[in-house]
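Please open the model in your viewer and keep the sequence panel beside it, with a selection tool to hand. The stops below follow the chain, and each one says what to select and what is to be found there.

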Amino acid sequence: MSDWLLHVLQVLLLVSGCIFFALGTLGLFRFDDTLCRIHALTKIDNLGLGLITLALLMMTPSLASSLKTLLIWWVALAASATSAHLVARAVRMHERPLQQRERCDD
């Protein structure tokens with residue numbers, strides 16, 4: 001009984017993670033603004049990766065394998081946050097100041 005329940009929980013976590021990945025990818029293609037695209041990729045994809053990691057943790061045979069899986073998740077989170085911060089910073093540096101944009105709109 002518990003094996004069946006554990007298997008159902010793993011499948012739900014894997015499917016949910018894949019759905020979140022698909023939604024993040026859809027946000028990448030649908031949003032116009034670079035910052036919105038970064039938001040979709042970093043938030044939604046990391047949540048999807050977390051759900052998939054939780055599902056994989058249930059299948060790992062040992063504690064060492066679990067720790068490796070968690071380390072991979074942590075490195076992916078750190079890389080995602082760092083790259084998103086760098087892209088957002090570059091976008092902000094190349095934006096025109098607000099006063100110039102208002103003058104052009106008039």
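Begin by selecting helix α1, residues 2-30, which has 29 residues and reaches 41 Å from its first C-alpha to its last, close to the 42 Å expected at 1.5 Å a residue. The expected span of a helix is taken here as 1.5 Å times one less than its number of residues, and helices (H or I, at least four residues) and strands (E, at least two) are DSSP runs, numbered from the N terminus. Before going further, note that this is a predicted model, in which local features need pLDDT of at least 70 and side-chain atom pairs count only at pLDDT 80 or more, while totals for chains, interfaces and linings use all residues. Residues are numbered from 1 along each chain as its sequence is written, and side-chain values use heavy atoms, with hydrogens and water left out.

Within α1, colour Gln10, Leu13, Gly17, Gly24 and Gly27, which are the buried residues of this helix. Buried means under 20% relative accessible area, exposed means over 50%, and partly exposed lies in between, using a 1.4 Å probe and protein chains only. The cover over these buried residues of α1 includes α2.

Now centre the view on Gln10, which lies in helix α1. Gln10 counts as buried because its relative accessible area is 10%. Leaving aside the neighbours within four places in sequence, Gln10 is in contact with Ala55, Met58 and Met59, where contact means heavy atoms within 4.5 Å.

Move along the same helix to Val15, which also belongs to α1. Val15 has a relative accessible area of 45%, so this residue is classed as partly exposed. Draw a distance from the C-alpha atom of Val15 to that of Ile52, and the separation is 8.2 Å, although the two residues are 37 apart along the chain.

Next select Arg30, whose place is likewise in helix α1. Arg30 counts as exposed because its relative accessibility is 63%. The C-alpha atoms of Arg30 and Ala40 are separated by 10.0 Å, and these two residues lie ten apart along the chain.

Turn then to α2, residues 34-57, a helix of 24 residues that reaches 34 Å from its first C-alpha to its last, close to the 34 Å expected at 1.5 Å a residue. Its buried residues are worth colouring as a set, and they include Ile38, Ala40, Thr42, Asp45, Asn46, Gly48 and Gly50, together with Leu51, Ile52, Thr53 and Ala55. These buried residues of α2 pack against both α1 and α3.

Show α1 and α2 together, and you will find them packed at an angle of about 165 degrees, with their axes 8 Å apart. Angles over 145 degrees count as roughly antiparallel, where angles run from 0 to 180 degrees between N-to-C directions and the axes are lines fitted to C-alpha atoms, for helices over the stretch in contact. The angle therefore makes α1 roughly antiparallel to α2. By class, their contact has 16 nonpolar, seven polar and two charged residues.

Select helix α3 next, residues 63-93, which has 31 residues and reaches 45 Å from its first C-alpha to its last, close to the 45 Å expected at 1.5 Å a residue. Ser66, Thr69, Ser80 and Ala84 are buried in α3, and what covers the buried residues of this helix includes α2.

With α2 and α3 both displayed, the pair packs at an angle of about 180 degrees, with axes 10 Å apart. That angle makes α2 roughly antiparallel to α3. Among the residues that meet here are Ile38, Thr42, Asn46 and Leu49 in α2, and Trp73, Leu77, Ser80 and Ala84 in α3. By class, this contact has 13 nonpolar, eight polar and one charged residues.

Finally, zoom out to the whole chain, which has four helices and zero strands and follows the pattern α-α-α-α when read along the sequence. Buried residues make up 19% of the 106 residues in the chain. Among contacts between residues at least 6 apart in sequence, 64% join residues at least 24 apart.

Notes:
Angles under 35 degrees count as roughly parallel, over 145 as roughly antiparallel, 65 to 115 as roughly perpendicular and the rest as oblique. Ala, Val, Leu, Ile, Met, Phe, Trp, Tyr, Cys and Pro count as nonpolar, Asp, Glu, Lys and Arg as charged, and the others, Gly among them, as polar.
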